[in-house]
Amino acid sequence: MAIRVPTRQLFIGGEWREPVLKKRIPIINPATEQIVGDIPAATAEDVEIAVEAARKAFSRNKGQDWPSTSGAYRAKYLRAIAAKITERKSELGKLEVIDCGKPLDEALWDMDDVAGCFEYYADLAEGLDAKQKAPVSLPMETFKSYVLKEPLGVVALITPWNYPLLMGAWKVAPALAAGCTAILKPSELASVTCLELADVCREVGLPPGVLNILTGFGTEAGAPLASHPHVDKVAFTGSSATGSKIMTSAAQMIKPVSMELGGKSPIIVFEDVDLDKAAEWTLFGCFWTNGQICSATSRLLVHVSVIFSVLNTYQMTSQPVLYSSCFGLIFHDLKSRIELLFLKALHQSFWTGLSNGPKRLRFLILLKKVVGLAQLLVEGRQYEKVLEFIATAKSEGATILSGGDRPKHLTTGFFVEPTIITDVTTSMQIWREEVFGPVLCVKTFGTEDEAIELANDTHYGLGAAVISNDLERCDRVTKAFRAGIVWINCSQPCFCQAPWGGIKRSGFGRELGEWGLENYLSVKQVTQYISDEPWGWYQSPAKL
């Protein structure tokens with residue numbers, strides 16, 4: 001049965017409000033390229049109204065309606081939201097599929113994670129009560145000191161399109177748990193489920209203005225929201241270019257920001273592992289979420305000893321070699337023949353997993369319609385961008401080992417074959433820039449030090465993975481990685497209890513875990529003089 005996309009307005013002050021300029025944005029199903037609905041397009045005029053609603057909610061009844069309540073009070077609302085998300089899981093998952101092209105099973109898992117995130121921060125909100133007035137040890141007995149943790153105020157939460165509702169939850173849940181009031185601005189490319197979160201908030205009776213949701217373009221809604229003088233903090237997930245603009249804007253008012261930006265993450269596979277397992281983690285790390293994930297381990301580094309182990313079996317000759325019509329590759333020189341040996345060595349194990357694995361990825365389920373052999377991108381511009389990356393890699397001398405084009409059997413939809421690229425040099429665009437699509441580039445390495453150097457050869461620093469049975473080596477590599485997240489013998493697992501974020505051009509600050517809550521809290525020192533004796537800084541005139 002087809003699911004209808006609800007027609008919604010902006011959510012401001014606990015009510016649906018038509019945009020001041022009455023503008024709307026079409027929703028395009030990426031699988032069919034058909035318009036399936038529309039969303040409201042907020043502008044600066046709507047931002048003003050939403051910020052005012054959030055400020056009123058923060059100060060209403062001298063804060064007793066939200067920021068100054070107990071954490072336990074706020075936790076009740078967070079748990080009610082989690083319960084409603086679980087209740088509407090099937091509907092929300094299908095809407096996510098229609099809106100951004102995410103496979104249905106992944107979308108449903110995301111809904112479980114959304115509910116889990118609200119539950120987790122409900123627990124942390126309750127824990128805040130016990131942490132208030134935490135004592136500070138002082139060297140003088142005439143004073144006592146303690147710390148209060150207080151909400152920052154009105155926060156702007158700007159989120160991407162690859163995990164529409166989940167990325168919203170990562171910010172909304174801790175912000176509300178801390179006692180902030182918030183304006184959520186999701187990506188215009190995928191906002192449907194975030195507007196349904198507004199409906200959930202209405203159902204559970206969240207106090208008006210505590211959470212406001214503005215959909216619209218970044219230039220028309222996101223930029224005026226981030227730069228608004230009455231917004232006390234900005235939390236942003238998205239591109240490094242947009243993050244830089246937000247930082248510049250926030251700097252004018254010394255406004256705190258936290259940012260999770262792009263990535264070009266490495267995965268190092270050493271020679272001592274089960275190569276079938278390594279292949280699976282490599283595939284998952286790059287092609288999960290259709291490759292549209294900031295932490296994707298899209299640079300594969302494989303130990304060169306895999307080649308040497310088969311030199312005694314496959315001898316190099318001076319004649320051209322034709323290898324496997326499934327690859328369609330002809331090798332004419334020494335370099336290519338070495339690459340041939342590399343491919344043959346891996347053919348029975350690791351490379352079989354890589355070259356055929358993407359085609360064996362589970363069928364893409366779009367409301368139970370099987371399309372298969374493809375990964376679906378969110379919209380046309382992203383589709384063209386990914387194909388341009390692949391074309392540029394080829395023009396620069398790289399080899400398209402697998403995929404690299406639209407599947408022949410699909411004439412509509414923004415589908416791209418999972419793509420594996422070899423013969424990559426460190427100066428190539430495909431090595432240096434984030435693709436945000438199902439594209440894996442491959443290099444070999446000879447030593448641990450070389451692997452680390454190649455892994456860290458990036459402006460980004462979000463995630464990194466190492467696959468090895470030598471746990472001491474894993475520990476060394478983990479410490480050497482310049483990244484905010486490291487995975488050992490896996491790639492991409494994410495838990496709301498553990499911190500998430502990067503370094504370098506991947507941003508700063510951490511989401512999730514207790515660190516995510518701290519994003520929205522201010523620390524206030526309170527120190528009291530407790531002696532009955534005068535301080536004695538000067539002698540009283542009466543005693544002169």
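Visitor: How do the residues lining the largest cavity divide into nonpolar, polar and charged?

Guide: Seven are nonpolar, four polar and two charged. Bear in mind that this is a predicted model. Among the 13 lining residues, A296, S298, E434, V435 and F436 sit closest to the cavity's centre. Ala, Val and Phe count as nonpolar and Glu as charged.

Visitor: What makes it a cavity rather than a pocket?

Guide: A cavity is a set of points where a 1.4 Å probe fits but cannot get out, whereas a pocket is an open set. The structure holds five cavities of 30 Å³ or more, and the largest has a volume of about 70 Å³.

Visitor: Why are T419, I420, I421 and T422 called buried?

Guide: Buried means under 20% relative accessible area, so each of these β21 residues falls below that cut-off. T419 and I421 point one way from the strand, I420 and T422 the other. That fits a general pattern: in a regular strand the side chains alternate between the two faces of the sheet.

Visitor: How do you know that β21 pairs with β19 and with β22?

Guide: Pairing takes at least two bridges. Three bridges join β19 to β21, and three join β21 to β22, so both cases satisfy the rule. The β19 pairing is antiparallel, the β22 one parallel. Take I420: it stands opposite S402, and its bridge partner in β22 is L440.

Visitor: What share of the whole protein counts as buried?

Guide: Of its 544 residues, 54% do.

Methods. Residues are numbered from 1 along each chain as its sequence is written. This is a predicted model: local features need pLDDT of at least 70, side-chain atom pairs count only at pLDDT 80 or more; totals for chains, interfaces and linings use all residues. Side-chain values use heavy atoms; hydrogens and water are left out. Buried means under 20% relative accessible area, exposed over 50%, partly exposed in between (1.4 Å probe, protein chains only). Helices (H or I, at least four residues) and strands (E, at least two) are DSSP runs, numbered from the N terminus. On a 1 Å grid over the protein atoms alone, a cavity is a set of points where a 1.4 Å probe fits but cannot get out, and a pocket is an open set with protein on both sides within 12 Å along at least five of seven lines; lining residues have an atom within 4 Å of a point. Grid points are joined across faces, edges and corners, and a volume is the space filled by probe spheres set on the points.
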